Amino acid sequence: MKKYLIPIIAIGALLLWTFSSYNGLIKQDERVTNAWAKVQSAYQERADLVNNLVATVKGSASHERETLEAVIKARAEATSTKIDAGNLTPENMAKFQAAQSGLSGALSKLMVVVERYPDLKANQNFLMLQKQLEGIENRVRVERNRFNNEVTTYNIK
């Protein structure tokens, strides 16, 4: 009986370690999924704000139609490109990031156009929307960093 005690303890410890490691991976996978949901939420918040921003600019700079249409098109593309945490392949991430970068570029062009309109730059509604956009851009950056940290931790495990 004593000669079987050590192998039984070793097997028990190995099983305990295996189950513990598996549960740790499941928890980390959930953290990655949650972090990705927060990234998508921040991007969606930005996309939702774009409609208000475009409407405000349209009222003061209606002849900047091409720029406004580019922003609307980029928003549509960004919101239609969705991936969930279970489908985060490099190809899907590249498509998603390209769509988000397109929206960022269109918004940057819009802000350059706004510089030509002093009345618009002084518009309180526009200033509030611009401040909200800056806050959302910061949130996107923070959430992406958190997501990257969670993925790194998951990959290490």
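Colleague: Where is Q28 found?
Modeller: Q28 is found in helix α1, where a helix is a DSSP run of H or I with at least four residues, a strand is a run of E with at least two, and numbering starts from the N terminus. Please keep in mind that this is a predicted model, in which local features need pLDDT of at least 70 and side-chain atom pairs count only at pLDDT 80 or more, while totals for chains, interfaces and linings use all residues. Residues are numbered from 1 along each chain as its sequence is written, and side-chain values use heavy atoms, with hydrogens and water left out.

Colleague: And is Q28 buried or exposed?
Modeller: Q28 counts as buried because its relative accessible area is 2%; buried means under 20%, exposed means over 50%, and partly exposed lies in between, with a 1.4 Å probe and protein chains only.

Colleague: What does Q28 touch, apart from residues up to four places away in sequence?
Modeller: Leaving those out, Q28 touches E150, T153, Y154 and K157, where a contact means heavy atoms within 4.5 Å.

Colleague: What about N155, buried or exposed?
Modeller: N155, which is found in helix α5, is classed as exposed because its relative accessible area is 58%. Its C-alpha atom is separated by 17 Å from that of T18, which is 137 residues apart from N155 along the chain.

Colleague: Where does R144 lie, then?
Modeller: R144 lies in helix α5, and it is described as partly exposed because its relative accessible area is 31%. Not counting residues up to four places away in sequence, R144 touches V39, Y43 and Q97, and its C-alpha atom is 9.3 Å from that of A42, although the two residues are 102 apart along the chain.

Colleague: Switching to the loop between α2 and α3, which residue is found there?
Modeller: I83 is one of the residues in that loop, and A85 is found there as well. I83 is buried, because its relative accessible area is 8%, and beyond its neighbours within four places in sequence it is in contact with W36, Q40, L88, N92, M93 and F96.

Colleague: How about A85, what does that one touch?
Modeller: With residues up to four places away in sequence not counted, A85 touches T33 and W36. The C-alpha atoms of A85 and W36 are separated by 6.2 Å, with their positions 49 residues apart along the chain.

Colleague: Which residues touch the most other members of the largest nonpolar core?
Modeller: That core has 32 residues, and those touching the most other members are L53, V57, V71, L107, L110 and F126. A nonpolar core is a set of buried Ala, Val, Leu, Ile, Met, Phe, Trp, Tyr and Cys residues joined through side-chain atoms within 4.5 Å.

Colleague: Which elements give two or more residues to this core?
Modeller: They are α1 (2-60), α2 (65-80), α3 (90-114) and α5 (124-156), and the largest share, 11 residues, comes from α1. As background, nonpolar side chains in soluble globular proteins tend to be buried together.

Colleague: Zooming out, how many helices and strands are there?
Modeller: The protein comes to 5 helices and 0 strands, so from the N terminus on its elements, taken as the DSSP runs, are α-α-α-α-α.

Colleague: What are the spans of the C-alpha trace along its principal axes?
Modeller: They are about 90 × 30 × 15 Å. The radius of gyration is 24 Å, whereas a compact globule of 157 residues would have one near 15 Å; the radius is taken over C-alpha atoms, and the globule rule is 2.2 Å times the number of residues to the power 0.38.

Colleague: How much of the protein counts as buried?
Modeller: Of its 157 residues, 30% count as buried. Among contacts between residues at least 6 apart in sequence, 81% join residues at least 24 apart.
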